Amino acid sequence: MQLIQYPPQADWAALQQRAAAQQAHDVEQRVQQIFEDVRQRGDVALRDYARQFDRAELHDLRVSPEELAAAVVQVPAELQTAIRQAHANIWKFHATQREEEKRVETMPGVSCWRRSVPVQRVGLYIPGGTAPLFSTLLMLGVPARLAGCPEIVLTTPPQQDGSVNPVILFTAHLLGITTIIKAGGAQAVAALTGGTDSVPAVDKIFGPGNRYVTAAKQLASRYGVAIDMPAGPSEVLVIADASANPAFVAADLLSQAEHGPDSQVILLSDSMPVLKATQAEVARQLAELPRAAVATQALTESRAILLRTPEEMLYFSNQYAPEHLILAVRNPEQLAEGVTSAGSVFLGHLTPEAAGDYASGTNHTLPTNGYARNYSGVSLDSFFKKITFQRITAEGLLQVGPVVETMAEAEGLRAHARAVTLRLESLAAPEQNK
């Protein structure tokens with residue numbers, strides 16, 4: 001990690017830049033080619049990409065019921081128990097997010113209300129590769145089930161033997177998801193967008209991924225398919241004061257660095273001893289990690305920054321807008337009051353970000369790359385559409401009608417006014433006939 005001491009605010013923007021990545025134009029161009037290829041060749045293109053990127057020879061893109069059933073017995077009992085407990089916690093937290101339908105009478109006889117209607121067809125993209133994220137399936141599948149989405153399609157990259165990781169299949173079985181497609185990368189997003197013989201087209205796509213998947217999701221939105229957010233490489237920012245435990249902080253930093261080579265970690269502190277001790281701990285713990293090579297690459301674009309006060313650190317963090325924010329300070333609740341931009345916040349020395357990744361109950365599908373300034377993480381609401389309704393009685397039209405007429409005339413929209421006037425005249429007609 002790069003160590004920077006008391007940088008002037010004029011330099012902060014440069015320090016807040018995410019890890020260097022391939023030129024966005026090149027990524028978008030390649031993704032557009034993949035979209036067009038999948039549109040034209042459908043399942044054949046998906047099988048070709050599986051052979052090219054996953055080194056898997058696929059005959060059937062869908063996971064069979066037999067494969068799904070067989071996966072259950074392959075998962076160790078201890079892991080099954082852990083997944084079931086995480087499922088229960090995530091379900092409990094997200095169930096509290098359900099809103100009751102409320103009717104409001106804005107004027108006598110004018111009733112308005114809003115109803116939550118589930119998105120009818122959702123696609124869940126679950127990364128595979130060296131770290132198959134079955135935890136992400138919980139984070140997306142639980143709120144999808146709670147919302148009552150009628151059709152849930154899961155896509156995930158196949159392993160080299162053409163199978164899907166059994167833990168992902170066990171988790172899908174636990175969630176009652178049976179439409180499972182062996183496809184990853186931008187090609188999976190393209191298939192969910194336009195559909196193929198094996199892959200149903202969906203209305204909204206969820207799930208994180210590399211920059212190709214992120215670019216594919218953004219392209220999908222141009223074709224009328226909604227997305228959860230532009231969720232790219234993982235990141236964490238830790239604010240640590242003199243009370244922080246350097247071993248804990250180092251473990252939190254490495255827990256994000258090991259996600260991928262383009263992940264980024266930022267450490268802010270007003271204590272030089274904490275920064276130096278944490279750097280030493282990072283080096284010590286890094287040597288013990290199976291994914292040390294991945295984490296090492298991520299750390300080359302990561303920074304440890306010495307600032308003067310907690311307020312200055314918080315200001316830097318809000319500008320950076322991290323996916324994960326850890327407040328390893330004496331008074332985390334107090335500092336948390338000033339957080340305005342973060343995907344998810346972890347308070348105190350005993351709250352590791354890893355708990356939110358797996359089992360505390362909050363969702364780990366969060367905005368990255370500064371999008372926490374204007375996006376929220378996935379929640380139950382993400383799987384709903386909010387539709388407003390209204391009904392106006394004769395009494396209500398007499399109340400609100402003249403207001404509408406006056407405003408419509410002022411805007412020069414005569415037909416709007418007439419739509420009200422004709423109804424008011426029809427209400428008055430019986431009186432005139434007496």
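**View A. Loop residue L380 sits between a helix and a strand.** Helices (H or I, at least four residues) and strands (E, at least two) are DSSP runs, numbered from the N terminus. L380 belongs to the loop that links α15 (353–358) with β14 (384–392). The model is predicted: local features need pLDDT of at least 70, side-chain atom pairs count only at pLDDT 80 or more, and totals for chains, interfaces and linings use all residues. Residues are numbered from 1 along each chain as its sequence is written, and side-chain values use heavy atoms, with hydrogens and water left out.

Is L380 buried or exposed? L380 is buried, and its relative accessible area is 0%. Buried means under 20% relative accessible area, exposed over 50%, and partly exposed in between (1.4 Å probe, protein chains only). Which residues does L380 contact, leaving aside its neighbours within four places in sequence? They are H94, Q97, R98, P143, L146 and A147. A contact means heavy atoms within 4.5 Å. R145 lies 235 residues from L380 along the chain, yet their C-alpha atoms are separated by 9.4 Å.

**View B. The whole protein chain sets the scene for the close-ups.** Its secondary structure comes to 17 helices and 14 strands. The C-alpha atoms fill a box of roughly 95 × 60 × 45 Å along the principal axes. Of the 434 residues, 49% count as buried. Take the contacts between residues at least 6 apart in sequence: 75% of them join residues at least 24 apart.

**View C. Five strands line up in an open sheet, with parallel pairing.** What is the strand order? It runs β6-β5-β4-β7-β8. The edges belong to β6 (179–182) and β8 (226–227). Each has a single partner strand, so one side of each is left without a neighbour in the sheet. Strands count as paired if DSSP finds at least two bridges between them. Strand β4 (residues 121–125) and strand β7 (residues 204–206) share 3 bridges in the parallel sense. One partnership to look for is G123 with I205 in β7. Strands of a sheet pair through backbone hydrogen bonds, either parallel or antiparallel.

**View D. D228 follows the sheet, in the loop between β8 and β9 (235–240).** D228 counts as buried, at 10% relative accessibility. What does the side chain of D228 meet in a polar contact? It meets the side chain of K217, at 2.6 Å. A polar contact is a pair of N or O atoms within 3.5 Å; within protein, one must be able to donate a hydrogen and the other to accept it, and residues adjacent in sequence count only if both atoms are side-chain atoms. Not counting residues up to four places away in sequence, D228 touches several others, among them K204, I205, F206 and G207. T365, Y375 and V378 are also among the residues that D228 touches.

**View E. Y6 and R55 each have a positive phi without being glycine.** Most residues other than glycine have a negative phi. Phi of Y6 is about 45°. Y6 lies in the loop between β1 (2–5) and α1 (12–15), and counts as partly exposed at 37% relative accessibility. Phi of R55 is near 55°. R55 is in the loop between α3 (43–54) and α4 (65–74), and counts as exposed at 60%.

**View F. Strands β2 and β3 form a hairpin.** There are 2 residues between the strands, and G109 in the turn has a positive phi of about 90°. The strands run antiparallel: 4 bridges join β2 to β3 (residues 110–118). R103 stands opposite W113 in β3. How many of the 5 residues of β2 (residues 103–107) are buried? The count is 0, and the strand is hardly covered.

**View G. Strand β13 (residues 344–347) has a covered face and an uncovered one.** S344 and F346 make up the covered face; V345 and L347 make up the uncovered one. Strand β12 (residues 324–328) pairs with β13 in the parallel sense, over 4 bridges. L325 stands opposite V345 in β13.

**View H. Q285 belongs to helix α11 (residues 272–286).** Q285 counts as buried, at 13% relative accessibility. Its side chain has a polar atom 3.1 Å from the backbone oxygen of A247. The side chain of Q285 also reaches the backbone nitrogen of A251, at 3.5 Å. Beyond its neighbours within four places in sequence, Q285 is in contact with A247, A250, A251 and L254.
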